[in-house]
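Let's take a friendly walk through this model, from its helices to a few individual residues. Keep the 3D view open and turn it as you read.

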Amino acid sequence: MTLLERLPRETYREASIPVLETERLALRAPRLEDAKTVTMLANDRRIAENTARIPHPYKMSDAEGFITGANKAGGEATFLITLRDDTIVGACSLFTREEVPELGYWLGIEHWGKGYATEALHALIDYAFTNLAHEALQAGARVTNPASRRVLEKCGFQWTGVGLYRINAIKSSAPIDRFRLERGIWSALKTWGRSKKVM
């Protein structure tokens, strides 16, 4: 019996994660049947080296661990970023670091430069402030990743300094630009329009 066959199809927490819709995208909870696609997308050193937690090489067992660990009670809110036809293009999540909710995300290489990251983060930020009632969010981008920095700035995040993060793929720490978004700034900047939530 495979891992896919042994685990229940949907946990209570997964059922409580909404689907967030934007103009071109839908953000939804990951499912075990997504593991093969997640593995193919995430198994790229350029992605792993720009995230804290993605290992390289990225194996099927890593994807299964990511999916089965997602959206547990009291844990982070994890979404796969999909096109409206359910093609998976990446993932994003809200997790707690140093008692402040932190936003993380990645996209498959072939989906870079199309505005998907900004669009997905707008929906995730709206969800964090509206549904989860957070007062502030933080995020980070490697100092060698100006594209990710631009995404965060387009979403209203403000630079707060540089820190060190442990990067799993390089098995070392690297300098990270730190960003923060306060509820008041988000309220003033909601020009991206409210994302729609569907159940």
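Start with helix α6: at 1.5 Å a residue, its 15 residues should span 21 Å, and its end C-alpha atoms are indeed 21 Å apart, which agrees. The expected span of a helix is taken as 1.5 Å times one less than its number of residues. Of the 15 residues of α6, 14 are buried, so this helix is largely enclosed by the rest of the structure. Here buried means under 20% relative accessible area, exposed means over 50%, and partly exposed lies in between (1.4 Å probe, protein chains only).

A word on the ground rules: this is a predicted model, in which local features need pLDDT of at least 70 and side-chain atom pairs count only at pLDDT 80 or more, while totals for chains, interfaces and linings use all residues. Residues are numbered from 1 along each chain as its sequence is written, and side-chain values use heavy atoms, with hydrogens and water left out.

**The overall picture**

The protein has eight helices and nine strands. Helices (H or I, at least four residues) and strands (E, at least two) are DSSP runs, numbered from the N terminus. Of the 199 residues in the protein, 48% are buried. Among contacts between residues at least 6 apart in sequence, 65% join residues at least 24 apart; contact means heavy atoms within 4.5 Å.

**Two helix pairs**

How do α6 and α7 pack? Helix α6 (residues 116-130) and helix α7 (residues 146-154) meet at an angle of about 40 degrees, with their axes 9 Å apart. That makes α6 oblique to α7. Angles under 35 degrees count as roughly parallel, over 145 as roughly antiparallel, 65 to 115 as roughly perpendicular and the rest as oblique. Axes are lines fitted to C-alpha atoms, for helices over the stretch in contact, and angles run from 0 to 180 degrees between N-to-C directions. The residues that make the contact are Ala117, Thr118, Leu121 and His122 on α6, and Val151, Leu152 and Lys154 on α7. By class, this contact of α6 with α7 has four nonpolar, two polar and one charged residues. Ala, Val, Leu, Ile, Met, Phe, Trp, Tyr, Cys and Pro count as nonpolar, Asp, Glu, Lys and Arg as charged, and the others, Gly among them, as polar.

Now move to the second pair. The axes of helix α3 (residues 35-42) and α5 come within 8 Å and cross at roughly 115 degrees. On the α3 side, the contact is made by Ala35, Lys36, Val38 and Thr39, and on the α5 side by Met60, Ala63, Glu64, Phe66 and Ile67. By class, the contact of α3 with α5 has six nonpolar, one polar and two charged residues. In α3, Ala35, Val38, Thr39, Leu41 and Ala42 are buried. The buried residues of α3 pack against α4, α5, β3, β4 (88-97) and β5.

**Individual residues**

Here are some positions to click on.

| Residue | Place | Relative accessible area |
|---|---|---|
| Thr82 | strand β3 (residues 77-83) | 1%, buried |
| Asn71 | loop between α5 and β3 | 1%, buried |
| Ile109 | loop between β5 (100-107) and α6 | 18%, buried |
| Pro175 | strand β8 | 36%, partly exposed |
| Lys171 | loop between β7 (158-167) and β8 (172-182) | 59%, exposed |

Leaving aside neighbours within four places in sequence, Thr82 is in contact with Arg24, Leu25, Ala26, Arg28, Thr87, Ile88 and Val89. With the same neighbours left out, Ile109 touches Asp44, Arg46 and Ile47. Ile109 and Leu41 are 68 residues apart in sequence, yet 7.5 Å apart in space, C-alpha to C-alpha. Pro175, with residues within four places again set aside, contacts Arg142, Val143, Val162, Gly163 and Leu164. The C-alpha atoms of Pro175 and Val162 are separated by 6.5 Å, with their positions 13 residues apart along the chain.

**Backbone features**

Most residues other than glycine have a negative phi, and most peptide bonds are trans. Asn71 has a positive phi of about 60 degrees although it is not a glycine. Lys171, also a residue other than glycine, has a positive phi near 50 degrees. Which peptide bond is cis? A cis peptide bond joins His56 and Pro57, with omega about 0 degrees. Pro57 sits in the loop between α4 (45-48) and α5 (60-69).
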